[in-house]
Amino acid sequence: MTAPQDRKDDGGVPVPVTPAGASTTAPAEYPPASPAGRGMFGNQGSGDVSGFGGLVRQRQTIEDAPRPYGGYFDEVRDALEEAYPHFADAVEKVVVDRGELTLHIRPERIAEVCQVMRDDMALRFELCSSVSGVDYLGADARRLHVVYQLTSMTYRRTVRLEAAVSVEEPHLPSVTSVYPTADWQEREAYDMFGIVFDGHPNLTRILMPDDWEGHPQRKDYPLGGVPVEYKGAVIPPPDRRRSYQ
């Protein structure tokens, strides 16, 4: 290791200096919107010191799965189509991947579909165990997706619902009237991604302070932070750390 430069005699304590090759102007604030994600969280040349800077991840195209799907997946689709008159208008596509069934739903229909999924005797998905947000920056014009994990305790089945909205119109109906467990989960998705759940009884921030600006888990959210002091050493914020090119 090269000895630090510009030291002074202060009892043998190294003086912090800018290391050779460091970049303090790397564009960490806005990850690139490209077909391939490079580095962790899509970063490239951005102060990523995780050791995964050489990772290249190709995005996959999600397409409608051909029938038969296999297992109970065909039964779930057929039962929903029979019980829900607006099935053709509400369901954008059915995806079977890695042994899991995902129904992509138009956002304005999500609460109606959840109602049918819960109440129809052939479906009986009584539990919504998770509502989470995903940001597909650069991969989808409607980049903000909401994912609902449903479980049928009656038939021991699971299914995933997914609805996509744009940053310009991030609205979709709340499902809290159908699944009360979605209350705080929708608040998290609102807080972290800025997704607005119309009809939620108390849609306020749940993790960040009430006056916080922005939504931290969006992929175009600034990566900068505040320096942290630890045992006399100062750890710079992410956008000011050494960049391994």
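Is H200 buried or exposed? Select it and take a look, bearing in mind that this is a predicted model. H200 has a relative accessible area of 10%, and since anything under 20% counts as buried, buried it is.

**Stop one: around H200**

You'll find H200 in the loop that runs between strand 9 (196-198) and strand 10 (228-230). Show its side chain and look for two polar partners. The backbone oxygen of D183 sits 2.9 Å from a polar atom of that side chain, and the H200 side chain also reaches the backbone nitrogen of N202, again at 2.9 Å. Now add S174, T176, D183, E186 and R187 to the selection: these are the contacts of H200 once its neighbours within four places in sequence are set aside.

**Stop two: the largest pocket**

Next, put up a surface and go to the largest pocket, with a volume of about 1,000 Å³. To centre your view, pick Q60, T61, I62, Y136 and E162, which are the closest to the pocket centre among its 32 lining residues. Colour the lining by class and you should get 10 nonpolar, 9 polar and 13 charged residues.

Which strand gives the largest share of the lining? That's strand 3, with 5 residues. To see it in context, switch to cartoon and highlight strand 2 (56-58), strand 3 (91-97), strand 4 (100-105), strand 5 (127-135), strand 6 (144-152) and strand 7 (157-165); each of them supplies at least two lining residues.

**Stop three: an aromatic pair**

Select Y72 and F73. The model has 1 aromatic pair, and this is the one: edge-to-face, 4.9 Å centre to centre, with 85° between the planes. The two partners differ in exposure: Y72 is partly exposed at 23% relative accessible area, while F73 is buried at 8%.

**Stop four: backbone oddities**

Most residues other than glycine have a negative phi, and most peptide bonds are trans. Here are some exceptions to click on.

- Go to R67 and P68: the peptide bond from R67 to P68 is cis, with omega near 0°. P68 is in the loop between strand 2 and helix 1 (73-83).
- Jump to R124, in the loop between helix 3 (110-119) and strand 5. Its phi is positive, about 55°, though R124 is not a glycine. R124 is partly exposed, with 23% relative accessible area.
- Finish at R156, in the loop between strand 6 and strand 7. R156 also isn't a glycine, and its phi is positive, near 55°. With a relative accessible area of 80%, R156 is exposed.

Technical notes:
Residues numbered from 1 in each chain as written. Predicted model: local features only at pLDDT ≥ 70, side-chain atom pairs only at ≥ 80, totals over all residues. Heavy atoms only, no water. Helix = DSSP H or I, 4+ residues; strand = E, 2+ residues; numbered from the N terminus. Buried < 20%, exposed > 50% of the residue type's maximum accessible area, 1.4 Å probe, protein only. Polar contact = N/O pair within 3.5 Å; in protein donor to acceptor, adjacent residues only side chain to side chain. Contact = heavy atoms within 4.5 Å. Phe/Tyr/Trp six-rings, centres within 6.5 Å; stacked < 30°, edge-to-face > 60°. 1 Å grid on protein atoms, 1.4 Å probe; cavity = no way out; pocket = protein on both sides within 12 Å on 5 of 7 lines; lining within 4 Å. Points joined across faces, edges and corners; volume = space filled by probe spheres on them. Nonpolar A, V, L, I, M, F, W, Y, C, P; charged D, E, K, R; others polar.
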